[in-house]
Structures are given as C-alpha cells and as structure tokens.
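Biologist: Please take a close look at one loop in this model. Then set it against the rest of the chain.

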Amino acid sequence: MRRELYGSDHEAYRETVREFLAREVVPQQHAWDRDRWIDRSVFARAAKAGIYALQIDERYGGSSESDYRYRMVVCEEVAQINALSFGLTVSLQDDLVLHYLLDLTNEEQRQRWLPGFASGELIGALAMTEPGTGSDLRNIRTSAHRDGDRWILNGQKTFISSGIMADVVVVAARTDPAGGSGAFSLFVVERDTPGFERGRKLDKIGLPGQDTAELYFLDAQVPQENLLGEEGRGLQYLMSHLPRERLGVTAMAMATSRAIFDLTVDYCRQRTAFGQPLTALQNTRFELADMATEIDIAEAYVDKSVLAFNAGELAPVDAAKGKWYVSELQKRVIDRCLQLHGGYGYMAEYPVARAFLDTRVQTIYGGTTEIMKEIIGRDIAAG
C-alpha cells in the first residue's frame, strides 16, 4: 500500500536521521543497554543534527518546525535499528517536556531553558506519577505551599523516565489542600534545587539504557519564577497536553510494529523447516497476512492522527483511541513475530527478543489501555 504521509523534504530528512543513527547510535546502543545508561553527550550531537527539538523557535536555537511528520520519521528510523532506549529519551524531550515549556513559559523562562534544550545540553523529565497514583492525576499528593518568593515542595514521584539524567523536571504538585480542579500547579525543578533528591535508578525488564527513577522533594525550595503557567491550572495543563504525549507513544508503537514485522518477514523467507522456507507453510503465510493487514489499517489511522495534530485538531478521545489500540497491536504483533522466530526469538541477540521486552510498557505509560477505554467510553456515554 502506497503511503501518502510524507513529502520530499521528509524523505531528505530521513537520510539525515539515518546517517546520524548509523554513526552515533548503532555502535553504542548495546553498550548503553549493558551499562543501563546512555552517554548524554549523544543528545548534544543529536540536537545539533536536528534529530529533535526542531519545534523550538529560531530565536532560542531551534528550527521553528512544528510538523509532526518529522517526529514520525525519527520514530521509524529509530525502530529500524531497534534503539528504543535512545528513542524513548528523545520522545520524552519532544513529546512531553518541550511541549510544556513551549506552551506555558513566559519570555524570561524561555530565555533560561529553551537554548539548553535546543543545544542538547539540558535534558528534561516530567514527574506526575507517584507510588499511590498512576493514571489518577487527581490523587496526586506531592504538595507545594508558598513561602515568600518561593514554593516549598514535599512528596515523592516514581517511574520517572530520565529522572536521574534530567537537569530540569516538570513537577505536578497540589497547591490547594481543599481539592477541586484548581488544586494543582506545575513547577520546573532544576538539578541543584535544595531539598530535591534522586532516589534509586529502577531496575526494569526492558528499555535498560533509559534511566527511570524515584524522585524526592524534602522541603525543596523552588523559586516563584519557576512556576509554570498559572497557579491552580496544573490539572488542565496536564490534560490538555496528553494528546501529544499519547500521539508520541502511538507513533513509536506503529514504527516498531512495522520494523519488527518487516524483519520477521525476511527471517521467514530465509529460515527453512522441513526442507522449505517458512513462508512455504500456510500457517506462516496466514500469520503474516493477519499482521500485514492489521499494521496497514492501524497505520492509516496514525497518519490521519498526525495530520490532525498538525492542524491543531487531534481530539483527546481520538488520541486515546490510537494510543490503546496501536500499543496493544504492537504487543500482539511482536509476540507473534517472536513465535515465528522459534527458539531464536528467545535469544537476546535477536532484535525481536529485545523489542519484546522493550515495548511491553507501551500499554502502560502515557495512560493504561484500561484508562484509554474509560476515556473513550465516557465520551460515548455522554453523547
């Protein structure tokens, strides 16, 4: 099926991304996974090459390019080399942290933070999840109260991607103990903030190179000028930025599903059983036919979502549909691809085995499948 999403500029950009990944990521990605740490200097080189942070205005060192199709190209090329720990860190910058900073900062804040992101010298993280609070944002317990010209933060966050590496962390905290939709605010907590401590680097089953951490705020002293947006509007900000976050998960899920499927097709053509290629077996052909059809149909929805996002028309419900369905499709496709690899699929040296572990979290972060269905179901019930 011919894909209509991209133009010549996107394909030229693809060559830039592909060359960068071959030079800077492929030789290092297995060492990063082994060491459970990505050399952060690669992000400065990535930003310089235009691999991310394109959306930052030229005044702050970016390219003023907001077309999400360029993000899709990066997702697809990262999936081709199966460098998902690196890809997640890039997505965290483009689809989460920068999206908040570009939308909610004042000019003084933009001057302080955006040039560092544009150069790759600053790495950011988003801290919403707490030990007792996952998708239920209204149950956030981390608190902040005003003390003169600063805010005092207390609480704990967990499962924070890039929590160890991050120089700035966008933190959601309760600023009104009385509750309600106006009870929360967002703060940018910088690396050397007094009272801000990193906990342990969490030991995950997948994405080993991408650090995930616990964060602690023990009377952390955050200056008033680090309040992001308006006090009391944190929950609205979080909800309004979720479509971009969920589109990011969908884009990576789609790209990885396609990449692992294509790899599996090649494997089945070359691998023999009973004196013939696996593709000579009807069951193998049926399995590949099922996956090819599902991937093509889902890809059409994702492409439509990307164009809707570019036009400012991607609705939260539509983003939720893509997020749960494509991430579940990814899980299903990669599991079936591993099965078709037989025993080799269980070997860590094979990309399908690493992808099997690395992608399992896709149906969890960014809002679980169950929460996505609840969002969609409520919208249907409301008429």
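Modeller: First, the vocabulary: helices and strands are DSSP runs, numbered from the N terminus, with helices taken as H or I over at least four residues and strands as E over at least two. The model is predicted, so to speak of local features pLDDT must be at least 70, side-chain atom pairs count only at pLDDT 80 or more, and totals for chains, interfaces and linings use all residues. Residues are numbered from 1 along each chain as its sequence is written, and side-chain values use heavy atoms, with hydrogens and water left out.

Now the loop. Phe-274 sits between β9 (272-273) and β10 (276-277). Its phi is near 60 degrees, a positive value in a residue other than glycine. Is Phe-274 buried or exposed? Exposed, at a relative accessible area of 79%. The cut-offs are under 20% for buried and over 50% for exposed, with partly exposed in between (1.4 Å probe, protein chains only).

Phe-159 also deserves a look. This non-glycine residue has a positive phi of about 60 degrees. Phe-159 belongs to strand β3 (residues 150-161). Phe-159 is exposed, with 59% relative accessible area.

Another loop runs between β4 (168-174) and β5 (184-190), and Gly-180 lies in it. Gly-180 is partly exposed, at 47%. Gly-180 and Tyr-267 are separated by 87 residues in sequence and by 55 Å in space, C-alpha to C-alpha.

Next, the record. An unreviewed UniProt entry annotates residues 232-380 as "domain: Acyl-CoA dehydrogenase/oxidase C-terminal". UniProt positions follow the numbering used here, feature names are shortened, and annotations may be inferred rather than shown by experiment. In the model, residues 232-380 are 75% helix and 3% strand, and their end C-alpha atoms lie 29 Å apart.

Cysteines come next. A disulfide is a covalent bond between the sulfur atoms of two cysteines. Here the test is a pair of cysteine sulfur atoms within 2.5 Å. By this rule there are zero disulfides. Why does Cys-75 have no bond? Because the closest cysteine sulfur, in Cys-337, is 19 Å from that of Cys-75, too far for a bond. Cys-268 is in no disulfide, and its nearest cysteine sulfur, that of Cys-337, is 7.9 Å away. Cys-75 is buried at 2% relative accessibility. Cys-268 is buried at 0%.

On to Glu-24, in helix α1 (residues 8-25). Glu-24 is buried at 15% relative accessible area. A polar contact of 2.8 Å links its side chain to that of Arg-45. Such a contact is a pair of N or O atoms within 3.5 Å; within protein, one must be able to donate a hydrogen and the other to accept it, and residues adjacent in sequence count only if both atoms are side-chain atoms. Contact in general means heavy atoms within 4.5 Å. Beyond neighbours within four places in sequence, Glu-24 is in contact with Trp-32, Val-42 and Arg-45.

Last, the domains. Their bounds come from an automatic or database domain assignment. The chain divides into domain 1 (8-119), domain 2 (124-232) and domain 3 (236-382). The C-alpha centres of domain 1 and domain 2 are 23 Å apart. Their contact takes 25 residues from domain 1 and 27 residues from domain 2. About 2200 Å² is buried between domain 1 and domain 2, with 64% from carbon and sulfur atoms. Buried area is the accessible area (1.4 Å probe) that two parts lose on being put together, summed over both. Arg-36, Trp-37 and Trp-113 supply 28% of what domain 1 buries against domain 2, more than any other three residues.
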